[in-house]
Amino acid sequence: MSLATPLVRRVCDHPGTIRSVGSSLRTSSPGVVSYKLAKQRVVDAVLDGRKDRLDVCDAQSELQRVARHHAVELSEPCPICEADELVMVTFAFGVGLPRGGRCVTDLREMQQLRRRGRPTRGFRVEVCRACWWNHLRESFPIDDVARRRLLS
Ligand SMILES: [Zn+2]
C-alpha cells in the first residue's frame, strides 16, 4: 500500500499545477517544495462545484489511523468542512524504506533517517479528522547527502 501515491497523483493530475507551483516556490530551505498553490486550486474547484467533495475527502484507512495517533495539530480550520482543525503527518520515502513510506512520529526518528546516509525524502500531509480531507503540504530532503548536494 502506498500512502503517497494518491496524494502525489492529486497534484500530478494537473501538470500545469506543478509548473505553477515550481515557478512560484517560496521555500524556507533548499530542496523544500511547497504545494500550497496546488492545494488552493483543489479547494477552489471543490468550493465552486467543479470537483466533488468525495474526491478530496478520501483519506485511506492507514492515513486516518496515523492522523488519529501520530499527528501534529496545525491550528488551521479544514478548508473543506471547517468543522475541525487540520493535523499534519509526515512520511519518509527512500531507498531501504517500506514501499508505502514510513510514518515519522518524532524528532529522534527523523534524526535516525537523516543519519542513515541514503536518499530519503519527507512528505508532510495535512488531514482533517472530521471529513478526511487530505493534501500534500510540502516535501523536503531528509538525508544529509541530498542536503549537501543542494547546497553545493
Ligand atoms: Zn474537513
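A residue counts here as buried if 20 or more other C-beta atoms lie within 10 Å of its own, and as exposed if 12 or fewer do. By that rule, buried residues make up 28% of the 152 residues in this chain. The model is a predicted one.

The chain holds 6 helices and 6 strands. Followed along the sequence, these elements come in the order α-α-β-α-α-β-β-β-α-β-β-α. Of the contacts between residues at least 6 apart in sequence, 60% join residues at least 24 apart.

Helix α3 is a convenient place to start. This helix spans residues 36–47, 12 residues in total. From its first C-alpha to its last it reaches 16 Å, close to the 16 Å expected at 1.5 Å a residue. Its buried residues are A38, K39 and V42. These residues lie on the same side of α3, because they cover an arc of only 100° around the axis. The general geometry of such a helix is relevant here: an α-helix has 3.6 residues a turn, so residues three or four places apart point the same way. On the other side of α3, D44 and L47 are exposed. Just after the helix, G49 adopts a positive phi of about 85°.

From the helix we can turn to the interior. The largest nonpolar core has 25 residues, and the members that touch the most others are A67, V89, F91 and V127. At least two residues of this core come from each of α3, α4 (61–69), β3 (85–94) and β5 (120–128). Strand β3 gives the most, with 6 residues.

What surrounds R137, a residue of strand β6? Strand β6 covers residues 134–141. R137 is classed as buried because 21 other C-beta atoms lie within 10 Å of its own, and the cut-off is 20 or more. Setting aside neighbours within four places in sequence, R137 is in contact with Y35, M88, R124, V125 and E126. For one of these, V125, the separation from R137 is 12 residues in sequence and 5.3 Å in space, C-alpha to C-alpha.

To draw the parts together, α3 has its buried residues A38, K39 and V42 on the same side, and this helix is among the elements that each supply at least two residues of the largest nonpolar core. Strand β3 is the main contributor to that core, with 6 residues. In strand β6, R137 is itself buried.

How values were computed: Residues are numbered from 1 along each chain as its sequence is written. This is a predicted model: local features need pLDDT of at least 70, side-chain atom pairs count only at pLDDT 80 or more; totals for chains, interfaces and linings use all residues. Helices (H or I, at least four residues) and strands (E, at least two) are DSSP runs, numbered from the N terminus. The expected span of a helix is 1.5 Å times one less than its number of residues. The arc is that of the directions from the helix axis to the C-beta atoms. A nonpolar core is a set of buried Ala, Val, Leu, Ile, Met, Phe, Trp, Tyr and Cys residues joined through C-beta atoms within 7 Å. Two residues are in contact if their C-beta atoms, placed from the backbone, lie within 7 Å.
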